[in-house]
Each structure stands twice: as C-alpha cells, then as structure tokens.
Amino acid sequence: MWKLLVLIVCGSSLVATIYAEKLELKFEESKVVVQLDESGSNFVVKNGDKTVQKIFLGNNGVGSAYKATEIAHGYVLEGNNAKIEIKAEVNEKDYSVLSVSRKNLAKEQRIYDCVDLMNANWFGGPQQKYQYWPIQKLQFNNYSYVSKEADNCAVAERYWFNSLGSYIYVSDETPLFLDQNVGEPGFLCFSAQLVPPYNVHVDTFEFVYKVGVASNARTIHMKAVERVLGKPTGHPNEKMVRYPIWSTWARYKRDIDHKVVLEFADEINKYKFKNSQYELDDDWEICYGALEFRASKFPNIADTIRELKARNFNVTLWIHPFINEVCEPYFTDAKRKGYLVADPNGNTKTQWWNSVKNDAGYVDFSKPEAAEWFSQRLRKILTGTGIDSFKFDAGEASWSPPDPVQNGPKNLHPHIIITDYIRTVGKFGDLVEVRSAFKTQDLPIFLRMIDKDSEWHWNNGLPTLVTTLLQLNMVGYPLVLPDMIGGNGYNDHPPNKEMFIRWLQANVFMPSLQFSYVPWDYDNETIELSRKFCDLHDQYTNVIMERFKLAVSKGDPVNPPIWWIDPEDVTAQRVYDEFLLGEDILAAPVLTENTVARDIYLPKGQWKDGNDQSKTYIGPILIKNHPAPLSVLPYFIRQP
C-alpha cells in the first residue's frame with residue numbers, strides 16, 4: 001500500500017513517505033533523513049549523504065507489517081506488539097532532533113535499543129575508573145545507569161555524542177541500563193527495565209530518547225549545551241583557580257588535630273608556596289554526622305581557624321551527607337524528624353566508607369525541610385568558627401538504602417537525591433566543591449574528579465586525570481577540579497618523585513591545583529620544579545578565567561579535547577593524552593613512567609613551542625619523540 005504523509009514542524013514541511021514496508025522521513029530544513037528498513041526493526045539517520053546513526057529497535061521493533069499513524073509532528077508505528085512514537089522536535093537549518101518514545105510500558109517488560117558505534121569516535125557517557133577516551137573502548141554489562149560509588153561513577157549524565165555530528169540523550173525517567181561491547185563488539189545498547197535501583201513501586205515506565213543531528217561533533221555538542229545540558233550561571237572564586245588548594249587528606253588521612261593543622265600551614269609558608277585555601281579534611285567531628293568539632297582534637301576550633309587566617313589562609317571544611325547510627329543524639333533526632341532516606345518500610349539503614357554495614361543514614365535532601373535543617377547546621381559552623389566554606393563529598397544515589405523512597409516524581413527515583421543534595425550545598429558560596437552530579441551543569445561551583453589512585457596505569461591512575469577532564473567537559477561540566485596532585489596514596493602507596501612531578505605538570509593547564517602530598521617531602525629539585533609549575537599555572541590563570549566566563553555566557557568547555565579545533569580531524573579525535581585550555585593552548589603532559597620523550601599530535605594551525613619560542617610547527621602534524629625530561633611540560637600556543 002502506498003501512502004504519503006505530510007507533517008508540519010516548526011513552520012517547515014516534514015515529509016514522511018511509507019512505501020509498502022519501508023518508511024522515510026525527511027527534515028526539509030536540515031536535509032536530515034530517517035529511514036526505517038523493511039524489517040521494521042532498524043532505522044538509519046542520515047545528514048545529507050552521511051549516515052550519523054544506526055539504531056536497532058532491539059526486542060521491540062514493529063516488524064515488517066507495521067502500521068503508521070500520523071500525529072502532530074510525527075507518527076506512531078505499531079506492530080509486533082510494540083508501539084513506538086517517532087516525533088520531530090526540532091527542524092532547523094543547522095540542528096534537527098528526533099525523539100523515539102515508548103510510553104506506558106508494563107513493569108514486567110524489558111525493552112532495549114542498540115546503537116551501532118559504526119567505527120566512529122564517541123564522547124560523553126559516565127565517569128569511570130577506567131576512563132578510556134574516546135569512550136567506544138568502554139565495556140558495560142547490564143550496567144545500571146545512575147550516579148553511584150562503584151566504578152567511580154559519580155557523574156552519569158545520559159548523553160553521548162559521536163564524531164559524525166549526532167547525539168543521543170536518554171530521558172531521566174527511563175530506568176536505564178547499559179550494555180556496551182558485550183557479546184557482539186561495536187554496539188552501545190540501552191535497555192529499560194523496572195528493577196532496582198529504580199523505583200519498582202510504579203505500574204508503568206517509559207523508554208524515551210532523543211537523537212540530535214548537526215554538521216559536526218563540535219556543533220552538535222554546543223547545541224546540546226544550549227538546548228539540553230545547560231551551562232553554568234557563574235564560576236568559582238578566582239583565588240581558588242590562581243593559587244593552590246592545600247588539603248590534609250592524602251598526607252595525613254584522619255590523623256589531624258590542632259597541632260598538625262598548624263604545623264602543615266607553617267610548612268607551606270616556610271617553603272614560600274602560595275595558597276588559595278586550606279582544606280580541613282576527614283575526622284574532625286565528635287562522630288560522623290554530628291557536625292560538631294571533637295574537643296580532643298580541636299579544643300577551640302575558632303582559635304585554630306583564627307591562627308590559620310593569621311597565616312593568610314582561607315579555610316574550607318570537609319562535609320559528608322551521612323549520620324552514623326552510633327552518633328547520638330544526632331542520628332535519633334534526624335530519624336525522628338523523618339530527615340533520613342528510608343525504604344517503604346521506614347528502614348533508613350545504609351553504609352558508607354566511614355561506617356560498618358547498616359550503621360548509617362543518608363540525609364534526605366529530597367525533602368526541603370531536611371535540606372534546610374542540614375543547611376542551618378552548616379551555617380552555624382560558618383558563624384561559630386570563621387570557616388569560609390566547604391568541600392562536599394559523596395552524594396551518589398548508591399549511598400541510599402536499597403529501594404529508597406524519595407520526595408518527588410516516582411519515575412525520577414533514585415536521581416532526585418543527587419540533584420537535591422548538590423543544589424542544597426551549592427548555595428554555600430564560590431569556594432564550594434562537590435564530587436557527584438546529575439543535571440547540575442548550571443551550578444557555579446567546582447565539580448571535583450573522584451579520588452584518583454597513585455598509579456601510572458589506566459585503573460584510576462595518572463592517565464585518567466586527562467581523560468576524566470575531557471569526559472566531564474564533554475557532558476557539560478566545564479568547571480572541573482582535578483583531584484590531589486600525586487593521587488591519594490591509598491594502600492600505603494604514596495607517589496614517588498617522578499609521579500608527583502608528572503602529576504603536577506598534567507594539572508598546570510587545568511582549572512586548579514590541589515596539593516596534599518608536598519614537594520618538600522622529596523628534595524630540592526622537586527621544590528624548585530613545583531614552584532616553577534605553580535608559577536606557570538598562575539601565568540595562565542587569566543586565560544582560565546576567560547574560559548570560565550565564556551562557559552557562563554555561551555557554554556563553551558574550558559578544557560576541550562584537541563579535536564575541538566578541527567572536528568573533522570579523525571586522528572585528533574583519538575588522542576587521549578593531550579588536551580586544550582580554550583582553543584589556543586595545547587598541553588601534552590607525560591603520563592607514563594620512565595619517559596623522557598613523547599609523540600605529540602598538533603591539529604591544524606600554527607603552533608609555537610611553549611618551552612622554545614624559536615620552534616614553530618604547522619599542523620596537522622605528528623611530532624615524534626619530542627624531548628620531555630622530568631623538568632619539562634610540553635605545551636604549545638596556537639598563533640593567530
């Protein structure tokens with residue numbers, strides 16, 4: 001049967017033609033075409049002659065005998081016990097968006113669609129311990145796609161885009177799981193199923209995603225920032241960018257008190273290092289969740305803070321969202337008021353890294369009264385001690401009890417707690433840092449990389465410092481705070497001199513420097529090199545601040561991948577150990593052990609060697625064995 005459908009979208013014509021068992025949908029403004037094949041289970045998205053997406057409708061395709069019914073701006077396909085709505089949401093000259101929806105799905109159903117990675121390069125996706133880049137190298141097997149402590153997945157934005165100029169954005173209400181490179185390599189599969197960690201106390205669910213198309217990867221990402229992801233409304237304090245943050249955590253772990261804190265501050269000043277703030281980390285409370293200082297460690301915390309300020313330090317304090325059951329009367333008070341996340345039976349028991357199993361509760365920030373109660377207690381700390389602001393840890397949904405009941409739309413569980421926590425604590429000024437996020441790209445605060453390990457390899461080691469920077473920028477978080485220089489030294493494995501210096505070099509063109517391990521624990525050369533690279537970071541802070549302002553005004557990344565300059569450069573798309581500051585500074589740090597030279601790829605443009613102004617290169621070019629002794633950070637400046 002031959003049939004012609006003419007649909008009106010955004011004032012322009014959108015033509016859908018069904019030829020017997022084949023459908024073709026044309027976006028007339030942008031020349032984007034969507035074709036459903038004869039089987040009714042696969043569709044292809046083309047931008048002119050270029051195929052930008054191939055999507056397989058998994059176990060719920062409509063089959064070859066499908067029926068198409070016209071709706072406003074789209075149509076509904078029915079067949080094979082499936083009902084799929086395909087709708088044109090945007091039909092502009094430089095930007096098209098197609099939505100694919102299945103709604104009112106029964107709770108026992110499992111629906112999945114698979115995206116052919118097509119040998120393209122892909123970006124976005126979740127923060128991970130093995131933060132490969134581009135992300136088509138990642139592997140997932142029935143992976144619940146929520147912000148969680150496992151795998152360092154503190155940030156799990158539902159956004160992926162490719163080098164062909166197309167993105168996929170999955171609805172927040174979809175109970176989403178990932179399969180990637182499992183079974184048959186080369187596919188990213190999205191499945192939807194109403195099972196934990198999602199809210200199983202609803203009768204139906206939806207599986208909805210959007211496919212955006214533009215001319216190239218840069219253009220489509222900027223369209224996503226403008227229309228889908230959002231951009232920051234402000235930026236962190238410039239002092240926090242220009243001068244290092246000094247944290248007690250990696251060097252002292254929980255062994256801190258008044259004496260240790262002041263001795264550390266005196267060492268920083270003795271060796272003439274500048275500072276933006278002093279970060280007082282773990283184990284200062286009476287008990288976890290009390291939010292009151294332990295007198296045995298800090299007999300008079302106001303005096304401690306006054307002494308730090310006399311040494312020219314601002315002070316921030318480590319905060320978490322938990323209350324341990326043994327922390328009385330604070331735990332009982334919070335539970336009695338209903339301020340802890342609970343399951344349907346009222347059970348609030350959960351666990352975090354500073355508790356034993358079932359010995360903690362998570363403050364329920366989805367309840368405005370609980371969020372305000374928590375905030376009042378923090379404000380009391382500020383007014384009573386002179387502390388300037390806070391470092392906020394954790395926040396991931398996985399810290400809630402199993403089957404949590406949250407205040408808000410039921411199909412948005414368990415995401416609500418993350419967003420509400422971050423939005424609550426993000427109000428405490430321009431010195432704030434957080435480590436988890438979900439749809440909070442608009443907040444004017446630092447998003448800290450989750451703790452890095454003092455390792456050279458890909459399991460959360462030094463190479464992932466660069467790839468995590470790129471990943472966070474490419475899911476809409478340009479205000480990135482790198483973790484401690486040298487890593488956290490877990491398992492009694494602190495960084496050696498080489499790792500410490502290479503880690504610092506890798507940080508130079510990132511937005512901020514965080515020290516905990518210190519240069520004077522090594523030798524005089526480390527001290528001198530650390531001063532040199534801190535000064536280099538200071539020298540380019542104005543550029544970082546300009547990029548912050550551009551992120552606020554237009555949504556541009558601060559540290560994009562090097563393909564940002566030339567989105568069609570396939571070689572640049574695959575580079576994982578270089579990055580840009582803005583569009584004119586390229587950093588190529590050494591990320592491997594016992595290395596004194598490295599290959600460097602420069603994209604198009606004229607590039608001056610930052611360490612040797614007499615040397616200029618015309619890109620694209622691969623520089624083989626560029627010298628990089630321990631004292632050298634390779635970087636290049638693009639010329640007008």
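A search of the whole structure, which is a predicted model, finds two disulfides, a disulfide being counted here as a pair of cysteine sulfur atoms within 2.5 Å. Before the details, residues are numbered from 1 along each chain as its sequence is written, and side-chain values use heavy atoms, with hydrogens and water left out. Because this is a prediction, local features need pLDDT of at least 70 and side-chain atom pairs count only at pLDDT 80 or more, while totals for chains, interfaces and linings use all residues.

Let me take the pairs in turn. Cysteine 114 and cysteine 189 are bonded, with their sulfur atoms 2.0 Å apart, and the link is right-handed, with 105 degrees about the S-S bond. Cysteine 114 sits in strand E11 (residues 110-116) and cysteine 189 in strand E17 (residues 187-193), so this pair ties together parts that are 75 residues apart in sequence; strands, I should say, are DSSP runs of at least two residues, and helices (H or I) runs of at least four, numbered from the N terminus. Both cysteine 114 and cysteine 189 are buried, meaning under 20% relative accessible area, with a 1.4 Å probe and protein chains only.

Turning to the other pair, cysteine 287 is joined to cysteine 327, again with 2.0 Å from S to S, and this link is right-handed at 70 degrees. Cysteine 287 lies in the loop between strand E20 (277-280) and helix H5 (301-310), and cysteine 327 in the loop between strand E22 (322-324) and helix H6 (330-336), so the parts they tie together are 40 residues apart in sequence.

Conventions. Buried means under 20% relative accessible area, exposed over 50%, partly exposed in between (1.4 Å probe, protein chains only).
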